[in-house]
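Open the model in your viewer and keep the selection box handy. Each stop below says what to select, then what is there.

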Amino acid sequence: MQQLKAKSLEMRTPQATKTAVLVIGGAEDKVHGREILRTFFGRSGGSNAYITIIPSASREPSIIGGRYTRIFEEMGADKVEILDIREREQCATSHAQASLEACTGVFLTGGDQLRLCGVLSDTPVMEIIRRRVRAGQLTLAGTSAGAAVMGHHMIAGGGSGESPNRSLVDMATGLGLIPEVIVDQHFHNRNRMVRLISAIASHPDRLGIGIDEDTCAMFERDGWLQAMGKGSVTIVDPTEVTHTNEPHVGATEPLTIHNLRLHVLSHGDRFHLYQRIVLPAVYRISS
């Protein structure tokens, strides 16, 4: 009888939500299966989720914020709030800080990554987000521009369709939420492989992460990332590069990079950020 009671109690006890950082390549499905958005919703607590949307990257923050609000409310979130932060001074308000201390999920929308960093970097808002993400208290997602800001080094813009060279990519300082990586989004959709390779040639101590549209790299706290969605997550790993001419050539001259390692991950495949191990979906480790 006691065993039955214990089992019944165990079934009623809610499991702690396993937080993650979801880096989304943009144009994620908002209408049909909404797999990526549903995963963020679930990792934020499901029906108990308190989701704060930060649309600071967008030129139309109330419109884009409202769209995500409706989506998460339809999914059944307990509370959804927009933090319409347009000026750095707003990051010091008690309302913004209280929201970010209490919420279970933060969603950074698309737009302009330079605008997003200009508003949020080195503010009380970012201090709270960074601290709570590192403590495993908060699930964070960023799409498009919200994905680009995840690394310490950020791709702010650039071209495509040429041989790798330094002039192809404009770099800036990101928000440093996953400082080890340089993220590029809308990746194969906008032919950005050469742009990411050019960025990594200049920062060979980082890992390049290229994420297609309607695709997500979900970073777990144990160092594993998992590809999710309909496209690919491309990993550009310079760990074993034997030679590059990057320090010695002009900005528009072609780059030489020898022994650059490349992985292309599809749905369910995993990669370990520190051990540089790749696991196909069929061998996926249990969560």
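Start with the vocabulary of the sheet: two strands pair if DSSP finds at least two bridges between them. Helices (H or I, at least four residues) and strands (E, at least two) are DSSP runs, numbered from the N terminus.

Two ground rules apply. This is a predicted model, in which local features need pLDDT of at least 70 and side-chain atom pairs count only at pLDDT 80 or more, while totals for chains, interfaces and linings use all residues. Residues are numbered from 1 along each chain as its sequence is written, and side-chain values use heavy atoms, with hydrogens and water left out.

**Stop 1: the sheet.** Select Gln-185. Its bridge partner in β9 is Ile-211. Now extend to β8 and β9 (residues 207-211): they pair in the parallel sense over five bridges. Add the rest of the open sheet, whose four strands run in the order β8-β9-β12-β15 with mixed pairing. Which strands stand at the edges? They are β8 (181-185) and β15 (261-265); each has a single partner strand, so one side of each lacks a neighbour in the sheet. From one strand to the next, the twist averages 15 degrees (axes are lines fitted to C-alpha atoms, for helices over the stretch in contact; angles run from 0 to 180 degrees between N-to-C directions).

**Stop 2: the cysteines.** Select Cys-103, Cys-117 and Cys-91. How many disulfides does a search of the whole structure find? Zero; a disulfide is a pair of cysteine sulfur atoms within 2.5 Å. For both Cys-103 and Cys-117 the closest cysteine sulfur is in Cys-91, at 14 Å from Cys-103 and 12 Å from Cys-117. Each distance is too far for a bond. Cys-103 is buried at 0% relative accessibility, and Cys-117 is buried at 5%. Buried means under 20% relative accessible area, exposed over 50%, partly exposed in between (1.4 Å probe, protein chains only).

**Stop 3: confidence.** Colour by pLDDT, the predictor's confidence in each residue, from 0 to 100. The protein averages 94, and 93% of the residues score at least 70. Then select residues 1-14: pLDDT is below 50 there, and the stretch has zero contacts (heavy atoms within 4.5 Å) beyond near neighbours in sequence.

**Stop 4: the whole protein.** Zoom out. Count eight helices and 17 strands. The C-alpha trace spans about 75 × 45 × 35 Å along its principal axes. Buried residues make up 53% of the 287.
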